[in-house]
Each structure stands twice: as structure tokens, then as C-alpha cells.
Amino acid sequence: MSLSRPLRIGTRGSPMALAQTGMVRDKIVAANPGLETEIVVVSTVADRILDRPLSEIGGKGLFTKELEQALFADEVDVAVHSMKDVETWLPDGLAIACILERDDPRDAFLSANGADGFADLKAGSRIGTSSLRRAAQVLMRRPDLKIVPLRGNANTRMRKLEAGECDATLLALAGLQRLGMEDVARSVLGVDEMLPAVAQGALGIETRIGDDAVRALLAPIACARTTTALDAERGLLAELDGSCRTPIAALARIEGDRLTLDGLLFLPDGSRHWGVTREGAASDAAAIGQDAGAELKRAAGDTYFKHLQ
Ligand SMILES: NCc1[nH]cc(CCC(=O)O)c1CC(=O)O
């Protein structure tokens with residue numbers, strides 16, 4: 001199948017988004033030789049509001065809504081997203097047509113003064129992060145550290161670290177790699193120290209559901225293994241109705257036809273957490289995720305969700 005016009009690829013405009021969209025575009029073209037493409041930059045709420053944590057702004061789809069509007073308005077044919085930023089429920093008429101092979105899902109540790117990890121930080125050191133998930137896991141092990149808000153795209157956050165707004169920060173390793181800036185990481189945190197966000201490191205492509213010509217162009221670059229892992233992680237998130245206000249971490253690993261899913265739910269101050277591990281057939285990924293999410297929900301109890309309001 002082919003298109004009689006260029007494929008219009010929608011993306012956010014941050015350096016990381018542009019880098020990853022370029023990589024996705026190259027993969028689409030490699031799978032469909034001769035295809036013409038056009039990159040269309042769309043600004044989202046997350047790009048415009050930089051002075052407040054996203055968890056405070058609330059609402060859904062802060063990274064994705066304007067890209068979805070561009071799909072509905074037929075201004076773009078596809079939207080490239082970090083799957084970490086994609087809501088578990090999509091608007092009617094749109095779907096994730098393709099999830100690409102996952103990059104490293106772990107978080108990287110960056111510091112201004114040469115610290116290689118949390119162990120090198122003195123009591124009272126300031127960790128810059130607006131991620132409730134990262135903050136909770138830092139405080140869980142190091143309640144003596146101080147969390148300070150740090151917003152903006154990855155480049156902005158690195159600049160703020162250099163400017164002394166904090167002593168250390170955490171960024172997704174995959175994002176740094178896409179920017180070609182992996183070497184700014186002082187270390188990479190093990191998943192036992194910092195469990196990643198649901199879908200961290202995976203890119204997805206959203207399309208209009210009925211747009212079969214476009215969907216056919218994407219089929220060759222989809223990764224079944226990553227799709228299965230994300231079915232489990234997003235199944236867990238959906239069960240907990242995870243919003244930006246809920247600190248949740250989850251990672252699925254697949255070996256052969258078996259899947260192992262680890263999930264963690266925290267109080268934002270790290271004072272309590274609940275964990276779950278589930279193993280099962282990879283073909284049951286979504287159900288395993290829902291089951292694990294339900295267990296976390298039961299374990300944390302009703303008061304947990306009231307706590308967050
Ligand atoms: N919240 C923004 C965001 N969305 C996805 C990534 C990282 C790239 C990825 O997970 O694919 C980032 C930056 C970060 O968390 O450091």
C-alpha cells in the first residue's frame with residue numbers, strides 16, 4: 001500500500017521529541033522505500049506551562065491532546081509519542097497503531113558536583129524532579145534528601161542543574177541517548193533502586209482508526225515484544241486509573257513466552273509503598289497487568305486514593 005502524498009508526521013517540538021521523531025521517520029522510510037514524509041511540529045500544554053509541576057496542572061493528555069486534535073483535524077496522519085506520556089484511554093476514533101522496539105527503560109542519575117549516585121550525596125542535598133514516582137523512590141531510601149521541583153524539557157532541566165537549582169536530577173536514559181547526550185549521566189540506576197514509569201523508553205505511533213493506508217505503512221516497524229510488555233504495564237496503570245497525581249512504577253520483562261511484571265505504588269513522600277510481582281503467559285499480558293493493578297489497589301486501600309487529593 002502507498003500514499004499519493006507525503007506522510008505528515010506530528011510531533012512535539014522539544015529537542016528530544018524532534019530527535020526521536022526523526023528516528024521513527026527514518027524507520028518508516030526504510031520500511032517503505034520512496035515514501036515522502038513531512039514533520040509537523042505541534043506545541044502541547046506540557047511544552048507551554050513550564051513553571052508548575054504537571055501533577056498540579058492535572059487533566060489528561062498534557063503531552064498528547066494537541067497532537068490528537070491535529071489527527072482529528074487531518075493536519076497530520078500520525079503522531080509520534082513517548083508511550084510514557086500516552087493516556088491509558090484514547091479518544092474514540094484514535095488508536096496506537098504501532099509500538100516500536102523499546103530502548104533502555106531505566107533512569108539516569110545526573111549531578112552538578114561529581115556525585116555518581118545517591119550514596120555520594122550529603123544529607124539535605126536537593127534532588128530536582130517534578131516526577132512523583134521519582135521523588136517517592138528517592139525519599140523511600142533517602143528521607144534525608146530534599147526534593148525540589150524541576151520542570152521543562154530534558155535540555156532545560158540539565159541547564160537548571162548546571163545553574164545550581166539542584167544538586168542532582170534524574171532523566172530517562174532513553175531520552176538522553178536519543179539526544180546523543182548519554183555521557184552526561186553519572187550513572188544508570190538499577191530497576192531495584194528506581195523502577196521506571198509505565199512504558200518508559202518505548203515510542204508509539206497514534207493514527208486515526210480507519211486510516212488503513214497509513215496503518216499499513218507502520219506495520220513493518222512494530223515490535224511485538226514491546227507491545228506485549230506495554231499491554232501488561234498499561235493494564236496495571238488502567239486498573240489504578242493512574243493520573244499524574246499517582247506515583248506508580250511498573251516494568252514488564254519477557255523471556256520466551258513468559259512475562260514477569262513488577263509494579264510499585266507509593267505515597268508521594270515515600271513513607272509507604274506497596275509492591276506486586278506477577279508471572280504468567282505473555283499472551284495474557286493485559287490480564288496480568290489488570291490483576292497486578294487490582295492487587296495494588298486492594299493492598300493500598302481506599303484511604304490511599306483519598307490521601308492523594
Ligand atoms: N515526561 C517527559 C518524558 N516523556 C518520556 C521521556 C523519556 C523518553 C521515554 O521514556 O521514551 C520523558 C523525559 C524524562 O522522563 O526524562
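**Exercise 1. The pairing of strand 12**

Determine how many bridges join strand 12 to strand 13, and in which sense the two strands run.

*Solution.* Nine bridges join strand 12 (residues 258-266) to strand 13, and the two strands run antiparallel. The structure is a predicted model, in which local features need pLDDT of at least 70, side-chain atom pairs count only at pLDDT 80 or more, and totals for chains, interfaces and linings use all residues. Residues are numbered from 1 along each chain as its sequence is written. Strands (E, at least two residues) and helices (H or I, at least four) are DSSP runs numbered from the N terminus, and two strands pair if DSSP finds at least two bridges between them.

Step 1: individual partners. Leu264 has Gly275 of strand 13 as its bridge partner, and Thr260 has Glu279 of strand 13.

Step 2: the connection. Strand 12 and strand 13 form a hairpin with six residues between them. In this turn, Gly270 has a positive phi of about 75 degrees.

Step 3: the other neighbour. Strand 12 also pairs with strand 11 in the antiparallel sense, over eight bridges. Glu255 stands opposite Arg258 of strand 12. The hairpin of strand 11 and strand 12 has two residues between the strands, and Gly256 in its turn has a positive phi of about 60 degrees.

**Exercise 2. The three-stranded sheet and its helix**

State the order in which the three strands form an open sheet, and identify the helix that packs on the sheet.

*Solution.* Step 1: the order is 11-12-13, with antiparallel pairing. Strand 11 (248-255) and strand 13 (273-281) are the edge strands, each pairing on one side only. From one strand to the next, the twist averages 10 degrees.

Step 2: helix 10 (residues 285-300) packs on the sheet and touches strand 12 and strand 13. The direction of helix 10 makes about 155 degrees with that of strand 13; axes are lines fitted to C-alpha atoms, for helices over the stretch in contact, and angles run from 0 to 180 degrees between N-to-C directions. Contact requires that the C-beta atoms of two residues, placed from the backbone, lie within 7 Å.

Step 3: seven of the nine residues of strand 12 are buried, that is, 20 or more other C-beta atoms lie within 10 Å of their own; 12 or fewer would make a residue exposed, and values in between partly exposed, with C-beta atoms placed from the backbone.

**Exercise 3. The largest nonpolar core**

Find which residues touch the most other members of the largest nonpolar core.

*Solution.* Step 1: a nonpolar core is a set of buried Ala, Val, Leu, Ile, Met, Phe, Trp, Tyr and Cys residues joined through C-beta atoms within 7 Å. The largest one has 81 residues, of which Val78, Ala108, Leu110, Ala232, Leu236, Ala250 and Leu261 touch the most other members.

Step 2: helix 9 (residues 224-240) gives the largest share of this core, six residues.

Step 3: apart from neighbours within four places in sequence, Ala232 is in contact with Ala252, Leu259, Leu261, Ala285, Ala286, Ile288 and Gly289.

**Exercise 4. The shell around the ligand**

List the residues that surround the ligand, and divide them into nonpolar, polar and charged.

*Solution.* Step 1: Ser82, Lys84, Asp85, Ala154, Leu171, Ala172, Ala174, Gly175, Gln200 and Gly201 surround the ligand, the criterion being a C-beta atom, placed from the backbone, within 6 Å of it.

Step 2: four are nonpolar, four polar and two charged. Here Ala, Val, Leu, Ile, Met, Phe, Trp, Tyr, Cys and Pro count as nonpolar, Asp, Glu, Lys and Arg as charged, and the others, Gly among them, as polar.

Step 3: strand 8 (168-172) and helix 7 (173-178) each supply at least two residues of this shell.

**Exercise 5. Two positive phi values outside glycine**

Decide whether Asp74 is buried or exposed, and do likewise for Ala199.

*Solution.* Step 1: Asp74 lies in the loop between helix 4 and strand 3, and has a positive phi of about 60 degrees although it is not a glycine. Asp74 counts as exposed because it has 10 C-beta neighbours inside 10 Å.

Step 2: Ala199 lies in the loop between strand 9 and strand 10, with a positive phi near 70 degrees. Ala199 counts as buried because it has 27 C-beta neighbours inside 10 Å.
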